[in-house]
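Trainee: Got a minute? I have a new model on my screen and I don't know where to start.
Mentor: Sure, put it up and let's go through it together.

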Amino acid sequence: MAEMGSKGVTAGKIASNVQKKLTRAQEKVLQKLGKADETKDEQFEQCVQNFNKQLTEGTRLQKDLRTYLASVKAMHEASKKLNECLQEVYEPDWPGRDEANKIAENNDLLWMDYHQKLVDQALLTMDTYLGQFPDIKSRIAKRGRKLVDYDSARHHYESLQTAKKKDEAKIAKAEEELIKAQKVFEEMNVDLQEELPSLWNSRVGFYVNTFQSIAGLEENFHKEMSKLNQNLNDVLVSLEKQHGSNTFTIKTQPRKKSKLFSRLRRKKNSDNAPAKGNKSPSPPDGSPAATPEIRVNHEPEPAGGATPGATLPKSPSQPAEASEVAGGTQPAAGAQEPGETAASEATSSSLPAVVVETFPATVNGTVEGGSGAGRLDLPPGFMFKVQAQHDYTATDTDELQLKAGDVVLVIPFQNPEEQDEGWLMGVKESDWNQHKELEKCRGVFPENFTERVP
């Protein structure tokens with residue numbers, strides 16, 4: 001009989017829960033259709049929004065903290081492997097072997113201590129902080145269900161009161177259910193109204209304590225690690241002094257195209273050399289070596305060729321000064337060198353006259369044209385700066401001689417096929433500031449002897 005009674009109670013409870021769910025679902029449908037009003041509490045809704053935001057931020061912080069701890073663990077393992085490698089290569093007869101082994105042992109202990117303190121002072125605190133959210137979230141959901149029960153009981157009571165045929169017994173029972181539902185809802189609502197603002201305000205202190213703990217632990221860790229690294233450095237310096245004759249030297253990568261580049265450069269310099277008695281116009285000292293504007297006049301020469309000393313005809317769009325300069329630099333017909341052939345004379349006499357104006361075009365103080373020559377104090381095509389970390393002695397005429405500390409302005413190769421792997425083209429900043437002549441100052445240098453600087 002007791003068993004049957006227990007089953008009856010259980011069945012009755014299940015039926016009651018099913019009836020509650022049906023009533024709540026019906027009430028929500030009526031509220032969404034606008035046929036029943038819904039109790040609103042904007043202050044509580046704002047507290048719920050803050051709660052959800054706080055939970056999201058805390059969950060993210062916990063995830064990132066676990067990632068940070070995993071990284072510390074990985075760095076610990078990598079550092080341990082590195083120290084084990086040093087212990088293996090450190091030969092028994094070398095001085096400082098015992099000190100190096102002790103430093104490696106302390107290094108391992110320091111990493112372990114750092115990781116454990118992060119777990120104790122940050123991760124466990126984080127877990128405790130987030131541990132209170134699931135219970136509050138469950139109570140918020142339950143409060144929402146009780147609010148629906150309260151609204152349903154209220155609407156049922158109101159409908160019985162406004163009915164044409166009033167049943168006092170039903171009205172009394174409905175009123176009793178309304179009072180009961182209101183009491184349950186208000187008890188839960190009051191507790192959450194107190195707890196949610198308090199929880200929201202506690203986030204500031206929690207964030208401050210958490211990040212202060214992490215920052216303090218990391219600071220102490222790096223201080224202790226710095227001491228160990230300095231001790232290891234002292235041991236290695238002592239080892240180097242006793243084996244100084246076997247000092248490791250940095251070597252450059254071999255150049256396969258160096259000789260070819262030297263020949264091309266010498267050929268280009270000889271081709272660009274001005275004829276005897278003629279001087280190419282050059283910008284004044286301190287002016288930028290910019291790409292010149294080129295204007296071409298295709299007007300034919302007078303029949304019979306140019307006479308010695310004659311000036312070229314002036315184009316309407318050509319300034320008089322430029323025409324005079326071009327005419328002054330035109331070589332006389334009889335001033336050719338003995339090595340020139342008659343074929344070149346015939347060719348030159350049939351070509352139109354070409355007038356070249358070699359003045360830079362500037363806009364707002366910057367040079368237009370040229371690759372990378374946007375600033376007046378940098379060579380054309382400038383890409384970035386590097387600083388020599390070691391002395392380098394040039395082994396060919398097209399290489400730069402470097403001293404540690406020299407700053408080099410890197411520029412592209414005129415022909416990319418001439419560039420060898422591990423070599424850059426550039427001009428020393430001091431030479432460029434002094435001469436502003438790229439052809440005389442530029443050269444190649446090994447990249448691994450330098451370090452890029454801002």
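What follows is a chat about this protein, from the overall picture down to single residues.

Trainee: Okay, before anything else, what kind of model is this?
Mentor: This is a predicted model, so keep that in mind as we go.

Trainee: How many helices and strands are there?
Mentor: The protein has 10 helices and seven strands.

Trainee: And what share of the residues is buried?
Mentor: Of the 454 residues in the protein, 29% are buried.

Trainee: What about the surface, how much area does the protein expose?
Mentor: About 30100 Å² is exposed, and carbon and sulfur atoms supply 54% of that.

Trainee: What share of the contacts joins residues at least 24 apart?
Mentor: If you take the contacts between residues at least 6 apart in sequence, 71% of them join residues at least 24 apart.

Trainee: Let's switch to rings. How many aromatic pairs does the structure hold?
Mentor: There are 10 aromatic pairs in the structure. One of them is Tyr 129 with Phe 206, a stacked pair with 3.8 Å from centre to centre and 10° between the planes.

Trainee: Where do those two sit in the chain?
Mentor: Tyr 129 belongs to helix α3 (residues 97–131) and Phe 206 to helix α5 (residues 168–242). They are 77 residues apart, so this pair links distant parts of the chain.

Trainee: Are Tyr 129 and Phe 206 buried or exposed?
Mentor: Tyr 129 is buried, because its relative accessible area is 6%, and the cut-off for buried is under 20%. Phe 206 counts as buried too, at 8% relative accessibility.

Trainee: Which other ring pair should I look at?
Mentor: Try Tyr 150 and Phe 185. Their ring centres are 6.0 Å apart and their planes lie at 10°, so that pair is stacked. Tyr 150 lies in helix α4 (residues 133–161) and Phe 185 in helix α5, so the pair ties together parts that are 35 residues apart in sequence.

Trainee: Buried or exposed, those two?
Mentor: Buried: Tyr 150 has a relative accessible area of 15%, and Phe 185 has one of 9%.

Trainee: Which residues do ring pairs link into a cluster?
Mentor: Phe 51, Tyr 129, Phe 133, Phe 206 and Tyr 207 are linked that way. You've already met Tyr 129 and Phe 206 as a stacked pair.

Trainee: I noticed an arginine pointing at a ring. What sits over Phe 44?
Mentor: That's the charged end of Arg 143, which is 3.6 Å from the centre of the Phe 44 ring. You can also find the charged end of Arg 452 over the ring of Phe 384, 3.9 Å from its centre.

Trainee: New topic: the sheet. What order do the strands come in?
Mentor: An open sheet of five strands runs β6-β5-β4-β3-β7, with antiparallel pairing.

Trainee: Which strands stand at the edges?
Mentor: β6 (443–446) and β7 (450–453) do. Each has a single partner strand, so one side of each is left without a neighbour in the sheet. From one strand to the next, the twist averages 50°.

Trainee: What holds strands of a sheet together in general?
Mentor: Strands pair through backbone hydrogen bonds, and the pairing can be parallel or antiparallel.

Trainee: How is β5 joined to β4 here?
Mentor: Strand β4 (residues 407–411) is joined to strand β5 (residues 423–428) by four bridges, and the two run antiparallel. To see it, look at Leu 409, which stands opposite Val 427 in β5.

Trainee: And on the β6 side?
Mentor: Four bridges join β5 to β6, again antiparallel. Trp 423 stands opposite Pro 446 in β6.

Trainee: How many residues of β5 are buried?
Mentor: Six of its six residues are buried. Trp 423, Met 425 and Val 427 point one way, while Leu 424, Gly 426 and Lys 428 point the other way.

Trainee: One more: what's odd about Lys 436?
Mentor: Lys 436 has a positive phi of about 55°, although it is not a glycine. It lies in the loop between α9 (429–435) and α10 (438–441), and at 18% relative accessibility Lys 436 counts as buried.

Trainee: Last one, how far is Ser 213 from Lys 117?
Mentor: In space they are 9.3 Å apart, C-alpha to C-alpha, and in sequence 96 residues apart. Ser 213 lies in helix α5, and at 21% relative accessibility Ser 213 counts as partly exposed.

Note on methods:
Residues are numbered from 1 along each chain as its sequence is written. This is a predicted model: local features need pLDDT of at least 70, side-chain atom pairs count only at pLDDT 80 or more; totals for chains, interfaces and linings use all residues. Side-chain values use heavy atoms; hydrogens and water are left out. Buried means under 20% relative accessible area, exposed over 50%, partly exposed in between (1.4 Å probe, protein chains only). Contact means heavy atoms within 4.5 Å. Accessible areas come from the Shrake-Rupley method with a 1.4 Å probe; for residues, only the protein chains shown count as cover. Rings of Phe, Tyr and Trp (its six-membered ring) pair if their centres lie within 6.5 Å; planes under 30 degrees apart count as stacked, over 60 as edge-to-face and the rest as tilted. A charge sits over a ring if NZ of Lys or CZ of Arg is within 6 Å of the ring centre and within 35 degrees of the ring normal. Two strands pair if DSSP finds at least two bridges between them. Axes are lines fitted to C-alpha atoms, for helices over the stretch in contact, and angles run from 0 to 180 degrees between N-to-C directions.
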